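User: I want to practise reading ligand sites and helix packing. Can you take me through an example?
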Amino acid sequence: METATLLILCLLVAALFLFKNNASSPLWNIQGPKPSSFILGHLRELLQRPAGLAEFEWQRIYGDVVRIRTSFGSEQLVVSDPKALQHILCSGYKWRRSPVRREMGRLTSGKGLAWADGETHVRHRRLMTPGFRATETQKFLPIFVACAEAMSSEWKKIISKSGDQSCVFDLTDHLSHATLDAIGLAAFDYDFGSISNHENELAKAYEGLTAKAFRAPSNMGLLMLDLFRLIPSTVMEFMNDHNPRLETLHHVAHVGKGVAKQLIAQKVDEIEQGTPDTDIYTSLVQSNLSESFKSRLSDEELVAQMRTLLFGGHETTTNSICWWAAYELARNPELQDQLRTEIKSTERKIADRGEFEFTLNDYEEMPLLNAICKETLRFHPIVLHLFRTANEDDVIPLSKPIVGKTGQLITEIPVPKGTRIVGSCSAYNRNLTIFGEDAHEFNPNRWLEPGRVKTEDNLGFPYANLATFAAGVRSCIGWRFAVAELQTFIVVLLRNFAIRDTPELTRIRRESALTMVPAIEGELDEEV
Ligand code: HEM
Ligand SMILES: *[C@@H]1O[C@H](CO)[C@@H](O)[C@H](O)[C@H]1NC(C)=O
Ligand SMILES: *[C@@H]1O[C@H](CO)[C@@H](O)[C@H](O)[C@H]1NC(C)=O
């Protein structure tokens with residue numbers, strides 16, 4: 001009851017405040033669609049429709065910078081212009097991750113890397129980066145193989161009991177356990193054992209977390225999400241920590257903290273006994289013991305870092321593997337066979353040198369594997385939006401001028417501090433000039449023909465000139481980890497199985513639950 005009154009009060013104040021502020025806008029000349037609702041602006045188009053659709057339409061009609069409305073007529077720019085995106089993402093901390101998105105980071109993972117900002121973020125990032133270099137990634141390959149093989153053996157057991165040597169699997173569930181075990185072993189040298197034990201508490205808490213916690217956000221949910229920015233962060237934190245509707249997230253936090261504390265104690269023990277492991281987490285605890293006081297992580301931060309890696313490195317890869325294997329390869333048996341042929345010939349090459357396991361270098365020398373990997377990540381970017389707020393006045397440069405409302409060409413956009421943008425990963429990834437005229441089709445061949453994808457202007461995106469892993473100081477720290485894991489899982493799956501589609505596949509939609517989740521049409525519950 002009290003919360004409800006508080007909310008209504010907040011809404012009224014916000015409406016007045018925003019109305020006054022929006023009267024004279026510095027962005028007035030930028031074109032964009034008319035909002036269908038004053039209260040919600042374009043929030044429903046942006047966040048409720050099947051992922052990406054609205055942005056593709058706006059990009060086609062208005063170009064790569066579009067002015068849209070959020071609640072009560074506030075403005076936001078949707079940006080897919082390559083140069084503009086690069087500028088915004090790669091100018092240090094000039095543009096900050098939006099406070100509401102940071103709060104979502106706090107709710108899912110605590111005050112770790114995904115929450116930290118400015119100086120704190122620099123400190124966190126510096127301590128975390130060494131765990132994710134190419135050499136470390138190579139060390140993780142055997143872990144990925146072991147987890148993918150363990151999942152495959154489970155499947156084989158089930159299939160052997162079926163009459164016709166085939167079986168329908170819910171890939172998301174199985175993969176979710178396998179990738180959880182993989183991140184556990186790689187980052188913490190800890191075996192969650194969730195592939196074989198489906199009752200594992202942590203694994204259960206994290207199963208489909210994004211879809212469970214955020215679902216298809218309701219109108220009220222969207223409104224709150226948008227207005228949270230007007231509330232001081234301490235108040236916002238208090239409200240969320242006491243909101244019974246966020247029970248799923250509170251539960252995950254509780255379970256995660258318990259496991260993290262246990263892990264920290266174990267790592268400290270091993271370090272003291274002189275037998276430390278070589279996982280990412282040990283190096284964090286270790287640096288805490290050796291680094292100067294100022295660069296250390298507090299215990300709360302160490303706990304949050306573990307939860308950050310679990311959350312950031314688990315559902316993202318699960319869903320990407322699903323799009324790749326269960327969707328694109330299942331629908332295209334011919335492509336699947338071609339890839340299997342490439343895998344077989346690489347196996348022979350590896351056997352010739354007296355080995356059995358693939359190295360990163362072997363993956364690199366597999367053109368089709370890389371082509372499908374890039375195309376999957378281009379076409380199905382799991383993180384759809386990058387929310388940023390200008391921390392100072394700035395001028396956004398453009399690759400291509402846009403036409404203003406007055407008909408005049410705009411070549412750069414001066415924006416005041418506080419301007420909010422949504423970097424659209426999905427729209428950028430469909431850029432016709434960079435990726436070709438058929439950018440709206442899934443076609444791995446584009447990566448096989450030299451010169452077809454224009455990657456010469458290095459825009460600072462870490463992988464294949466795609467916006468999928470963002471760029472700059474807040475780019476995805478785990479992109480190498482993710483690519484290696486995706487490739488390993490696909491190789492192991494194709495070595496063991498033929499993947500075929502089921503009738504449900506035609507009803508799969510790219511649902512937006514703040515990130516993009518594959519869901520069967522109508523089966524992702526609306527928030528109540
Ligand atoms: C296909 C899989 C993945 C995709 C598409 C992806 C995408 C992204 C994107 C777009 C961001 C920036 C978000 C923003 O600034 O709003 C991000 C950040 C992050 N990712 Fe990933 N990611 C993936 C896998 C992983 C993995 C495997 C890990 C860890 C093992 C990871 C850990 C993180 C962390 C910790 C951040 C926050 C970085 C910071 O704020 O400094 N991600 N990811
Ligand atoms: C890490 O350092 C902080 C600050 O000195 C300290 O409070 C904390 O107990 C340390 N944690 C571990 C696990 O060593
Ligand atoms: C794509 O990128 C180029 C620059 O590389 C830019 O000129 C163009 O406006 C972008 N947009 C589309 C829709 O192709």
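User: How far does a polar side-chain atom of Asp64 lie from a nitrogen atom of ligand 3?

Analyst: Keep in mind that this is a predicted model. A polar contact is a pair of N or O atoms within 3.5 Å. Here a polar side-chain atom of Asp64 lies 2.5 Å from a nitrogen atom of ligand 3. Asn431 also uses its side chain: an N or O atom there is 2.5 Å from an oxygen atom of ligand 3. Leu432 uses its backbone instead, with an N or O atom 3.4 Å from an oxygen atom of ligand 3.

User: How much of ligand 3 does the protein bury?

Analyst: Take the ligand alone, then add the protein. Alone, ligand 3 exposes 360 Å². The protein buries 76% of that.

User: Which elements give two or more residues to the shell around ligand 3?

Analyst: They are β5 (394-403) and α21 (432-435). The largest share comes from α21, with three residues.

User: Which residues make up that shell around ligand 3, and how do they divide by character?

Analyst: The residues around ligand 3 are Asp64, Pro82, Ser399, Lys400, Asn431, Leu432, Thr433 and Ile434. By character, three are nonpolar, three polar and two charged.

User: Now ligand 1. Which of the 27 residues around ligand 1 come nearest?

Analyst: Arg97, His121, Arg125, Arg388 and Cys476 come nearest. Next, look at individual contacts. A polar side-chain atom of Arg97 lies 3.0 Å from an oxygen atom of ligand 1. The side chain of Arg388 has an N or O atom 2.8 Å from an oxygen atom of ligand 1. Gly312 offers a backbone N or O atom, 3.2 Å from a nitrogen atom of ligand 1.

User: On to helices. At what angle do α16 and α22 pack?

Analyst: Read the angle together with the axis distance. Helix α16 (residues 315-331) and helix α22 (residues 479-496) pack at about 40 degrees, with their axes 10 Å apart. That angle makes α16 oblique to α22. The crossing of α16 past α22 is right-handed.

User: At what angle does α8 pack against α16?

Analyst: Helix α8 (residues 171-188) and α16 pack at an angle of about 135 degrees, and their axes are 9 Å apart.

User: Why is α8 oblique to α16, not roughly antiparallel?

Analyst: Check the cut-off. Roughly antiparallel needs an angle over 145 degrees. The angle of about 135 degrees therefore makes α8 oblique to α16. The handedness is read separately: α8 passes α16 in a right-handed crossing.

Terms used:
Residues are numbered from 1 along each chain as its sequence is written. Chains are lettered from A and ligands numbered from 1 in the order in which they are written. This is a predicted model: local features need pLDDT of at least 70, side-chain atom pairs count only at pLDDT 80 or more; totals for chains, interfaces and linings use all residues. Side-chain values use heavy atoms; hydrogens and water are left out. A residue is near a molecule or strand if one of its heavy atoms lies within 4 Å of it. A polar contact is a pair of N or O atoms within 3.5 Å; within protein, one must be able to donate a hydrogen and the other to accept it, and residues adjacent in sequence count only if both atoms are side-chain atoms. Accessible areas come from the Shrake-Rupley method with a 1.4 Å probe; for residues, only the protein chains shown count as cover. Helices (H or I, at least four residues) and strands (E, at least two) are DSSP runs, numbered from the N terminus. Ala, Val, Leu, Ile, Met, Phe, Trp, Tyr, Cys and Pro count as nonpolar, Asp, Glu, Lys and Arg as charged, and the others, Gly among them, as polar. Axes are lines fitted to C-alpha atoms, for helices over the stretch in contact, and angles run from 0 to 180 degrees between N-to-C directions. Angles under 35 degrees count as roughly parallel, over 145 as roughly antiparallel, 65 to 115 as roughly perpendicular and the rest as oblique. A crossing is left-handed if the near helix is turned anticlockwise from the far one by less than a right angle, and right-handed if clockwise.
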